[in-house]
Amino acid sequence: MFLENRVINKQFSVVADAQYALAITKFLVNDLGLFPAKQFITDDTPKELQKSISQEFKKLNYGIEAEVDFITDSYKIHEQIKAHDYHGYPLILGSYYDKEVTEQLKGNFLNIAWPVQDKVVLDDFYCGYTGGIRLIEDIYSVAVQRFN
């Protein structure tokens, strides 16, 4: 199942605020060996910080770089996601607003950003070692649902 998910999800996009998008992208590339498509930062990041944040997306392992777009318009994000060739099923990690476009592409979706409408969140996080393990569990749980 792990091997098939790596083959099925050749590329991923994160649609979230600056800190989550960067952290999750680094984790998925550096620790899980996934390859990034364009990443989308949806908060209103100050212009003076955008360049330094973009540079961090270029510091991934093995010389891998992720293109990042600072954009708050979900329609424009969804159009870019639909236009990209993910070379298979896309893995989209974003808000509940991104679920429909992922379903249209027959991709795997994980709700990591607000709003969260497909689960009740009382004590859930993707920070630190425990958060990394939880993120892996959630990604592979989504993949398992495809096979069931």
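Where is Pro115 found? Select Pro115 in this predicted model, and the view should settle on the loop between β6 and α6, which is where that residue is found. With Pro115 still highlighted, add Trp114 to the selection, since the peptide bond that joins Trp114 and Pro115 is cis, with an omega of about 0 degrees.

**The largest pocket**

Keep Trp114 on screen and bring up the pocket surface, because the next stop is the largest pocket, which holds about 380 Å³ of space. Of the 22 residues that line the largest pocket, the closest to its centre are Tyr20, Ile112, Ala113, Trp114 and Val116, and these five make a convenient selection. If you colour by secondary structure, the elements that give two or more residues to this lining are β1, α2 and α4, the last of these covering residues 74-83. Colouring by residue class instead divides the lining of the largest pocket into twelve nonpolar, six polar and four charged residues.

**Ala16 in strand β1**

From the lining, move to strand β1, residues 11-16, and select Ala16, which has its place in that strand. Is Ala16 buried or exposed? Its relative accessibility is 1%, and because buried means under 20%, Ala16 counts as buried. Leaving aside residues up to four places away in sequence, the contacts of Ala16 are with Ala21, Phe40, Ile41, Thr42, Asp43, Ile112 and Ala113, so showing these as sticks displays its surroundings. For a longer reach, draw a distance from the C-alpha atom of Ala16 to that of Gly131, a residue 115 positions away along the chain, and the separation is 16 Å.

**Helix α2 against helix α6**

Next, show helix α2 (residues 18-31) together with helix α6 (residues 128-147), whose axes come within 12 Å and cross at roughly 75 degrees. Since angles of 65 to 115 degrees count as roughly perpendicular, that crossing makes α2 roughly perpendicular to α6. To see the side of each helix that takes part, select Ile24, Phe27 and Leu28 in α2, which meet Gly132, Leu135, Ile136 and Ile139 in α6. The residues of this contact divide into six nonpolar, one polar and no charged.

**The second largest pocket**

Stay with α6 and turn to the second largest pocket, in which about 320 Å³ of space lies. This pocket is lined by 15 residues, of which Phe109, Leu110, Asp118, Val142 and Gln145 are the closest to its centre. Two or more lining residues come from each of α5 (99-104), β6 (108-111) and α6, and the largest share, five residues, is that of α6. By class, the lining of the second largest pocket divides into three nonpolar, six polar and six charged residues.

**Two residues with positive phi**

The last stops are two loop positions that can be checked in a Ramachandran display. Select Lys106, which is found in the loop between α5 and β6 and has a positive phi of about 60 degrees although it is not a glycine. Lys106 is exposed, with a relative accessible area of 56%. Then go to Tyr62, whose place is in the loop between α3 (47-56) and β4 (68-70); Tyr62, likewise not a glycine, has a positive phi of about 60 degrees. At 77% relative accessibility, Tyr62 counts as exposed.

Notes:
Residues numbered from 1 in each chain as written. Predicted model: local features only at pLDDT ≥ 70, side-chain atom pairs only at ≥ 80, totals over all residues. Heavy atoms only, no water. Helix = DSSP H or I, 4+ residues; strand = E, 2+ residues; numbered from the N terminus. Buried < 20%, exposed > 50% of the residue type's maximum accessible area, 1.4 Å probe, protein only. Contact = heavy atoms within 4.5 Å. Axes fitted to C-alpha atoms, helices over the stretch in contact; angles between N-to-C directions. Parallel < 35°, antiparallel > 145°, perpendicular 65-115°, else oblique. Nonpolar A, V, L, I, M, F, W, Y, C, P; charged D, E, K, R; others polar. 1 Å grid on protein atoms, 1.4 Å probe; cavity = no way out; pocket = protein on both sides within 12 Å on 5 of 7 lines; lining within 4 Å. Points joined across faces, edges and corners; volume = space filled by probe spheres on them.
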